[in-house]
Amino acid sequence: MENEIKTKTDEQKALEIAALMEDGKGMDVSVLDVSGLNSWTDYFVIVTVNSSAHWQGLYKYIKEYIAENGLEIRKTVQKTSQGDDWNLIDLGNIVVHLMSAEARSFYELEKLWHAGKKLK
């Protein structure tokens with residue numbers, strides 16, 4: 001199993017996380033390859049959630065996935081509380097954005113990072 005972890009690419013892991021988010025009823029799941037656009041991450045997984053309980057449930061799925069796939073959550077420094085509108089999970093080369101419909105519509109990450117390649 002350890003060899004399997006090492007052979008997965010970050011792209012495969014991002015797509016697997018996206019599928020996991022869909023299984024958890026995350027809405028409008030999107031994966032963007034932003035590797036050529038910045039130096040701090042390669043993939044965004046963007047998910048719309050409908051409540052605090054929903055994003056917390058998806059967070060549990062992510063924690064289980066990363067434990068099985070050699071990833072770890074990096075601590076992020078926040079100047080203001082994100083609350084339930086936008087929760088960012090930094091996995092290094094993959095960043096997961098769990099956003100309310102309102103926050104997703106307001107920030108339009110896909111539009112902001114339009115030069116990234118949409119994988120899903």
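Which residues does leucine 98 touch, not counting residues up to four places away in sequence? In this predicted model, leucine 98 touches Met21, Val47, Val49, Trp55, Leu58, Tyr59, Asp85, Trp86, Asn87 and Ile89, where contact means heavy atoms within 4.5 Å. The model is predicted, with local features requiring pLDDT of at least 70 and side-chain atom pairs counted only at pLDDT 80 or more, while totals for chains, interfaces and linings use all residues. Residues are numbered from 1 along each chain as its sequence is written, and side-chain values use heavy atoms, with hydrogens and water left out.

The largest nonpolar core (buried Ala, Val, Leu, Ile, Met, Phe, Trp, Tyr and Cys residues joined through side-chain atoms within 4.5 Å) has 21 residues, of which Ile17, Val45, Leu91, Val96 and Leu98 touch the most other members. At least two residues each come from α2 (10-23), β1 (27-33), β2 (43-49), α3 (52-68) and β4 (94-100); helices (H or I, at least four residues) and strands (E, at least two) are DSSP runs numbered from the N terminus. The largest share, 5 residues, is supplied by α3. Another core, of 10 residues, lies apart from this one and includes Phe44, Ile46, Trp86 and Val95.

Threonine 48, in strand β2, is buried at 8% relative accessibility (buried: under 20% relative accessible area, 1.4 Å probe, protein chains only). The side chain of threonine 48 forms a polar contact of 2.9 Å with the side chain of arginine 104; such a contact is a pair of N or O atoms within 3.5 Å, and within protein one must be able to donate a hydrogen and the other to accept it, residues adjacent in sequence counting only if both atoms are side-chain atoms.

Asparagine 69, in the loop between α3 and β3 (86-90), is also buried, with a relative accessible area of 5%. A polar atom of the asparagine 69 side chain lies 2.8 Å from the backbone oxygen of tyrosine 65.

Conventions
Buried means under 20% relative accessible area, exposed over 50%, partly exposed in between (1.4 Å probe, protein chains only).
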